[in-house]
Structure formats: C-alpha cells, structure tokens
Amino acid sequence: MSSGLKYFVGNWKMFGVISSFKIITKLNNFLQKDKNNKKYKIIIAPPFTLLESFSKKLKNKRIKLSSQNCFHKDGFGAYTGNISPFMIKKIGVNYTIIGHSENRDSGETDQLINEKVKLALNNNLNIILCVGENKQEKRNKKTILVLKRQLNILKKNYQLNKIIIAYEPVWSIGSGNVPSYLELKKNTLFIKAYLKRKFKFNNSKLLYGGSVDHKTINNFKAIKELDGFLIGGASKSSKKFIDIIKNFYK
Ligand code: PGA
C-alpha cells in the first residue's frame, strides 16, 4: 500500500519555447498555496532545448526537472545529436525518463534501454522507466509477458530506490482510452509484486501514464498502490495539470 509521497510528472514531449516557463510559474504559485502540497512532488520534463535555462530558474524551487530521454553512451563523444546522462546531470537535472514507448517505437530495444539505465544510475540520476503493452499485445493477452520482459532489464545491484516505474499502456497514450479499474489494478499489483519477488524490494514506486486528465484521474485515485502519474498532453496547460492534482485530492 502506498500512502507515501505522490508524483505528478509532466512529459511535454516536443513542446515548448522559453516563454513556456510561464506554465511552470503558474504550477509553482499553485504549489505554494495548496494545502496538500506536502503530499506530492511535481516533476516537469521539457525538451532538451529548455532544460538548462529552466534548471537555472528552478534552483531551490520545489518543482523538479527531468529530461525526456538520454543517450546510451556517456561523457562526450562523436554521437551527433545526442545528449549523455553526464551532460544532463551537469546542468542540475536529477531525473530522466527512459524507455518511453515513443522512443521504443523508433527502435530502442530493451538492451539499449538497459545501457541507459546503467549510465543514468552511474551519474546519480533518478530514472522514470516506462513500460507497457501495445494494442496488439493487449489483444493477444500478452500484457504480463511484455511487462516481465521490459522489467527484466533491472538487476539486483541497481539502486532500485532511484528507479520509478511508469506503467504506460501504449494504446492509452494520447488516445483518451484508459484501462478499466480492474485491469489497471491487476497490472499495478503485478509490477509491484514482481519487483518484490525478484529483488525483495518493498518500496517500489509506480506511476500510471496514458490519457491522464482532470476526468480520468477520478478512476485512478481508487488504486491506492499507485504512487503517481505521468501526464503527457494535459501537462502542457497549467490549468489542466492543476485540475488533475485538485481532483486527485478532492
Ligand atoms: P498522454 O501521454 O497523457 O498524452 O496520454 C502520456 C505519455 O506519453 O507519457
């Protein structure tokens, strides 16, 4: 049972320019006044182009930043267009999303994702590791198998307390379709039990992601084992993001 801190993570994807910081300013104003503000943490993942400037603006603020991905090689190197975990850490960012289905779709394998996880941990980054089945896998009743395969990259010697799992059914992302209560409960319990069984790790953190908005949040809050939410579309509007938090605590 997770009665601990909740996470509301905003994944901006390919969105945002410098002036989009006003969204974060509004979130910060809300956070300061909210009577529930001790119960949760807000993390925003803007694109790489904004991370360093936002990181400076958010120094000593409660809202934290995450990158949306990182490269599977570290330090510096001849890898055009890529950003290493080392470079992310250097600008004061402490989280990275790894294994988002939109990146798995463009060719990221479990092996590559494992490399990223290792390097991110080496750099003392916290990881939001995305897992989840696609439509066809769901139709073929392969969800548990897929989750097992994707979680199987984790190793005993990894600092599991630095890894937050985000269960994101691919068919739910951006579609407005969400899993039923029973489906989500089952998969949530499976992931937590798997980590417990395999690593004797009792403190795993698990987020749900996929069409989370001010309405769907009402279905999810009944699942007490969830430690929070990974929010795409609705995180680009401060009002929508705030309404999710408000409805969660209503
Ligand atoms: P969504 O995206 O909230 O727009 O469905 C979630 C995600 O891709 O992380």
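**Ile44**

I started with Ile44, which sits in strand 2, residues 40-45. The model is a predicted one, so I keep that in mind throughout. Is Ile44 buried or exposed? Its relative accessibility is 0%, so Ile44 counts as buried, the cut-off being under 20%.

Next I listed what Ile44 touches, skipping residues up to four places away in sequence. The list has Gly10, Trp12, Ile24, Leu27, Ile63, Lys64, Leu65, Ser66 and Phe241. I also pulled one C-alpha distance: Ile44 to Leu230 comes out at 9.7 Å, with the two positions 186 residues apart in sequence.

**Gly10**

Gly10 was on the Ile44 list, and I went there next. Gly10 belongs to strand 1, residues 6-11. It is buried too, because its relative accessibility is 0%. Leaving out residues up to four places away in sequence, Gly10 touches Ile43, Ile44, Ala45, Ile231, Ser235 and Phe241. Phe241 therefore turns up for me twice, once with Gly10 and once with Ile44. From Gly10 to Pro46 I get 8.2 Å, C-alpha to C-alpha, and they are 36 residues apart in sequence.

**Ile97**

Then I moved to strand 4, residues 95-98, where Ile97 is placed. With a relative accessible area of 1%, Ile97 is buried. Its contacts, again without residues up to four places away, are Asn11, Ala45, Ser66, Ser67, Gln68, Asn69, Cys70, Ile128, Cys130 and Leu230. The C-alpha atoms of Ile97 and Ala166 are 9.2 Å apart, and the pair is separated by 69 residues along the chain.

**Asn69**

Asn69 was among the Ile97 contacts, and I wanted its surroundings. I found Asn69 in the loop between strand 3 and helix 3 (85-90). Buried or exposed, this Asn69? It counts as buried, because its relative accessibility is 12%. Which side chain does the Asn69 side chain pair with in a polar contact? It is Glu108, at 3.0 Å. Beyond four places in sequence, Asn69 touches Phe48, Ile88, Thr96, Ile97, Asn103, Glu108 and Lys116.

**Ser55**

I also checked a serine in helix 2, Ser55. Ser55 is buried because its relative accessible area is 11%. Apart from its neighbours within four places in sequence, Ser55 contacts Leu65, Ile91, Gly92 and Val93. Leu65 was on my Ile44 list as well.

**Ligand**

Which residues surround the ligand? I noted Asn11, Lys13, His100, Glu168, Ile173, Gly174, Gly210, Ser211, Leu230, Ile231, Gly232 and Gly233. Sorted by class, that shell holds three nonpolar, seven polar and two charged residues. Asn11 and Leu230 are familiar from the Ile97 contacts, and Ile231 from those of Gly10.

I then looked at polar distances to ligand oxygen atoms. An N or O atom in the His100 side chain is 2.7 Å from one. A polar backbone atom of Ser211 lies 2.7 Å from a ligand oxygen. For Gly233, a backbone N or O atom is 2.8 Å from an oxygen of the ligand. Taken alone the ligand exposes 280 Å², and the protein buries 95% of that.

**Nonpolar cores**

In soluble globular proteins, nonpolar side chains tend to be buried together, so I looked for cores. The largest nonpolar core has 60 residues, and the members touching the most others are Val117, Leu129, Leu154, Ile165, Ile191 and Phe229. I followed one of these, Ile191: not counting residues up to four places away, it touches Val131, Leu147, Leu151, Ile165, Tyr167 and Leu206. There is also a second, separate core of 12 residues, including Val9, Cys130, Leu207 and Leu230. Leu230 is also in the ligand shell.

**Positive phi**

Last came backbone angles. Most residues other than glycine have a negative phi, so I noted the exceptions below.

Asn60 has a positive phi, near 65 degrees. It is found in the loop between helix 2 (48-57) and strand 3 (64-67). Asn60 counts as exposed, because its relative accessibility is 79%.

Lys200 has a positive phi too, near 55 degrees. Its loop runs between helix 8 (181-199) and strand 7 (205-209). At 69% relative accessibility, Lys200 also counts as exposed.

Methods. Residues numbered from 1 in each chain as written. Predicted model: local features only at pLDDT ≥ 70, side-chain atom pairs only at ≥ 80, totals over all residues. Heavy atoms only, no water. Near = heavy atom within 4 Å. Polar contact = N/O pair within 3.5 Å; in protein donor to acceptor, adjacent residues only side chain to side chain. Areas by Shrake-Rupley, 256 points an atom, 1.4 Å probe, with all protein chains shown as cover. Nonpolar A, V, L, I, M, F, W, Y, C, P; charged D, E, K, R; others polar. Core = buried A, V, L, I, M, F, W, Y, C linked by side-chain atoms within 4.5 Å. Buried < 20%, exposed > 50% of the residue type's maximum accessible area, 1.4 Å probe, protein only. Contact = heavy atoms within 4.5 Å. Helix = DSSP H or I, 4+ residues; strand = E, 2+ residues; numbered from the N terminus.
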